Each structure stands twice: as C-alpha cells, then as structure tokens.
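User: I am new to reading protein models, and I would like to be walked through one feature at a time. Could you give me the general idea each time and then show me the case at hand?

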Amino acid sequence: MSTQSIGQLLRVGWVVIIALFILTIIEFVAAIGLSGILQLAVLSILAVIKGTLIVQYFMHVGQIRKSITDLWWGILVPSEVEE
Amino acid sequence: MTAHVSNATNKLQELALNRFGLWLFLVSDVSFFVALLSSRFFVYGGATPEEINQYLGLGLTILLLLSSLTAYRAEVGAERNNRTMMNRNLLLTILMGTLFIVGVGFEWKIALSHEVTWPSKPYGTILFTLTGVHATHVVTGLIAFTVVFFKKRKADIGEGNSWAVEGAVKWWHLVDLAWVFIYPTLYLVNS
C-alpha cells in the first residue's frame with residue numbers, strides 16, 4: 001500500500017467495489033437463470049473471484065511475504081544487548 | 001540493567017509480527033467457515049427453500065460489500081495521516097455493520113415465521129448456525145471499530161502508527177470474505 005498515492009489507493013477501492021457489485025448482480029442473475037451443476041459451478045467461480053479481489057486488494061495479502069522476510073531477518077540477525 | 005532488547009521489538013519487526021500473527025488467526029478462522037459451509041450440502045443438499053427472501057440476502061450482501069469499501073478507506077486515511085477520512089469512514093463502517101446486524105435479525109424473524117426454516121429443521125439449523133456465527137464476527141468487528149475509533153480519533157496516526165486500524169479493518173474484510181461465500185451457499189444455490 002505504501003508506494004501508491006492516496007488518490008491511486010482510493011481509485012483502487014472504487015474499482016474493486018464496482019467489480020464486486022457487478023459480480024454480485026451476475027451471481028443473482030445466474031442463480032435465477034441456471035440450474036443444476038452448471039449453476040453450482042458458476043456460483044462457485046464467481047465467489048472465488050470475489051474472494052480473491054477482497055484478499056488481494058482490500059486485505060493486502062502480498063504484505064505477508066514482506067512480513068515473513070522481516071521476521072526472518074529478526075531471527076537471523078543477532079539481538080542487541082543494552083545495559 | 002535493562003533486559004535483552006531483541007530486534008523484534010523495533011517497529012518494523014513488531015508490525016511484521018502483528019501482521020503474521022493476525023494472518024495465522026484469520027486462516028484458522030477461515031477453516032471454521034469452510035467446515036460450516038460444507039455442512040450445508042451434507043445436511044440439506046443443494047436445494048434452497050422458497051421461503052428464503054432473496055432480496056433481503058442481496059441487500060445484506062451489498063451493504064456488507066459497501067462497508068468493506070469504507071473500512072478500506074479508513075485504513076488508507078489512517079496510513080496516510082488523513083484523520084477526517086479515517087474517522088468518517090470508521091463511523092460509516094460501524095453504521096453499515098449495525099444495519100447489517102438489524103438485517104440479519106429481520107432475516108431470523110422471517111425464518112421463524114416459516115416451518116421449513118425453524119432452527120429445529122435441517123435448513124433452519126444451517127441458516128441460524130451460519131448467520132449466527134457470522135453475525136458474532138460482525139459484532140466483534142463493530143466492537144473493535146468502536147474501540148479503535150475512540151482510541152485513535154485524536155491519537156497519532158500515519159505510517160507506523162496505524163496498526164490498530166489496519167488490524168480491525170483486516171478482521172472486517174474477513175467478515176466480508178466469509179459472507180461472499182455464505183451468500184451463494186445460503187441464498188442462491190438451488191440444484
């Protein structure tokens with residue numbers, strides 16, 4: 001999140017929420033128009049896409065890699081002793 | 001003499017540890033929702049009773065998605081030292097979360113008025129368990145946002161001082177993520 005400007009971040013938020021709304025409407029229509037295993041497959045795929053958008057852009061899942069790297073450095077680099 | 005000061009106590013390490021710990025917890029919580037969601041198909045199969053109010057389900061979904069945007073904007077405001085944006089969006093998120101809980105209460109009222117969705121019936125058991133567990137997560141998120149709002153509304157924010165907001169917002173997105181799967185499972189699937 002830290003390298004983007006505030007305007008870019010807010011734009012990302014709007015794009016993601018609009019995509020989520022569109023996918024929700026498609027879900028709603030698919031539930032009415034489809035049936036059986038096809039309906040289940042389409043609803044599952046749409047839910048996974050929506051979930052991925054949330055995890056990727058709202059939850060910043062990419063931060064985990066940086067957190068793990070930082071933690072490894074904390075373990076590898078010897079601790080300081082203060083007296 | 002001062003005790004050992006490990007590198008994990010510096011701000012970067014602390015933030016990394018906080019994030020890693022929260023993510024571990026979120027993943028374990030996701031497994032709980034996955035188990036509940038799969039139980040719906042074992043208990044009741046792929047059918048959905050006609051008594052389920054589709055428009056209420058759609059409305060609740062749109063409300064929760066919208067609250068995710070305001071939560072995201074609160075996080076951006078906190079990290080970029082924009083107090084007005086943070087405070088306004090935290091309050092909006094609390095408001096929408098509260099409306100969501102009211103909506104779930106309304107859903108329960110409707111469910112109790114039809115025999116097929118009573119808590120003692122198979123579909124009712126699934127409905128009340130899933131929405132009940134999810135609503136509990138929503139309520140804890142609302143408590144977290146309220147605490148964060150009063151703690152941070154005048155305190156230091158900006159990069160390095162926004163973990164409280166970030167943590168609460170991540171929790172809220174988990175609540176949203178869970179609902180993204182609960183909504184089609186409870187309301188839409190009919191095969």
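**Reading two helical chains**

Analyst: Let us begin at the end of one helix: just after α2(B), Asn81(B) takes a positive phi of about 60 degrees. Please keep in mind throughout that this is a predicted model.

User: Where does Asn81(B) lie, and is Asn81(B) buried or exposed?

Analyst: The general idea is that most residues other than glycine have a negative phi. Asn81(B) is a residue other than glycine with a positive value, and it lies in the loop between α2 and α3 (83–112) of chain B. Asn81(B) counts as partly exposed because 15 other C-beta atoms lie within 10 Å, whereas a buried residue needs 20 or more.

User: Which residue follows α2(A), and what is the sign of its phi?

Analyst: α2(A) is followed by His60(A), whose phi is positive, near 50 degrees, although His60(A) is not a glycine. His60(A) lies in the loop between α2 and α3 of chain A, and it counts as partly exposed because it has 18 C-beta neighbours inside 10 Å.

User: How should I judge the length of a helix, and what span should the 26 residues of α2(B) have?

Analyst: The approach is to compare the distance between the end C-alpha atoms with the span expected at 1.5 Å a residue. For the 26 residues of α2(B) the expected span is 38 Å, and the end C-alpha atoms are 38 Å apart, so the two values agree. In chain A, α2(A) has 23 residues and reaches 32 Å from its first C-alpha to its last, which is close to the 33 Å expected.

User: Which residues of α2(A) are buried, and what do they pack against?

Analyst: The buried residues of α2(A) are Gln39(A), Leu43(A), Ala47(A), Lys50(A), Ile54(A), Tyr57(A) and Phe58(A). They pack against α1 of chain A, and also against α2 (54–79) and α5 (163–188) of chain B.

User: How many residues does each chain give to the contact between the chains?

Analyst: The contact takes 39 residues from chain A and 39 residues from chain B. On the side of chain A that touches chain B, the elements that give two or more residues are α1 (6–33), α2 (36–58) and α3 (63–76) of chain A. The residues of that side divide into 22 nonpolar, 11 polar and 6 charged.

User: How do I describe a whole chain, and what pattern does chain A follow along the sequence?

Analyst: One can begin with the elements and then turn to the dimensions. Chain A has 3 helices and 0 strands, and along the sequence it follows the pattern α-α-α. Its C-alpha atoms fill a box of roughly 70 × 35 × 15 Å, taken along the principal axes. The radius of gyration of chain A is 20 Å, while a compact globule of 83 residues would have one near 12 Å. Of the 83 residues of chain A, 20% count as buried.

User: What does the same kind of description give for chain B, and how many helices are there?

Analyst: Chain B has 5 helices and 0 strands, in the pattern α-α-α-α-α along the sequence, and its C-alpha atoms fill a box of roughly 65 × 35 × 25 Å, taken along the principal axes. Buried residues make up 40% of the 191 residues in chain B. Among contacts in chain B between residues at least 6 apart in sequence, 77% join residues at least 24 apart.

User: Where is Trp172(B) placed, and why does it count as buried?

Analyst: Trp172(B) is in helix α5 of chain B, and it counts as buried because 29 other C-beta atoms lie within 10 Å. Leaving aside residues up to four places away in sequence, Trp172(B) touches Ser68(B), Ala71(B), Thr93(B) and Gly141(B). The C-alpha atoms of Trp172(B) and Thr140(B) are 9.2 Å apart, with their positions 32 residues apart along the chain.

User: Is Lys151(B) buried or exposed?

Analyst: Lys151(B) is exposed, because 11 other C-beta atoms lie within 10 Å. Lys151(B) is placed in helix α4 (residues 122–152) of chain B. The C-alpha atoms of Lys151(B) and Tyr123(B), 28 residues apart along the chain, are separated by 42 Å.

User: What does the predictor give as ipTM for the complex, and what is the mean pLDDT of chain B?

Analyst: As a general caution, where pLDDT is low, the predicted coordinates should not be read in detail. In chain B the mean pLDDT is 91, and 95% of the residues reach 70 or more. For the complex, the predictor gives an ipTM of 0.90 and a pTM of 0.90.

Note on methods. Residues are numbered from 1 along each chain as its sequence is written. Chains are lettered from A and ligands numbered from 1 in the order in which they are written. This is a predicted model: local features need pLDDT of at least 70, side-chain atom pairs count only at pLDDT 80 or more; totals for chains, interfaces and linings use all residues. Two residues are in contact if their C-beta atoms, placed from the backbone, lie within 7 Å. Helices (H or I, at least four residues) and strands (E, at least two) are DSSP runs, numbered from the N terminus. Ala, Val, Leu, Ile, Met, Phe, Trp, Tyr, Cys and Pro count as nonpolar, Asp, Glu, Lys and Arg as charged, and the others, Gly among them, as polar. The expected span of a helix is 1.5 Å times one less than its number of residues. A residue is buried if 20 or more other C-beta atoms lie within 10 Å of its own, exposed if 12 or fewer, and partly exposed in between; C-beta atoms are placed from the backbone. The radius of gyration is taken over C-alpha atoms; the globule rule is 2.2 Å times the number of residues to the power 0.38. pLDDT is the predictor's confidence in each residue, from 0 to 100.
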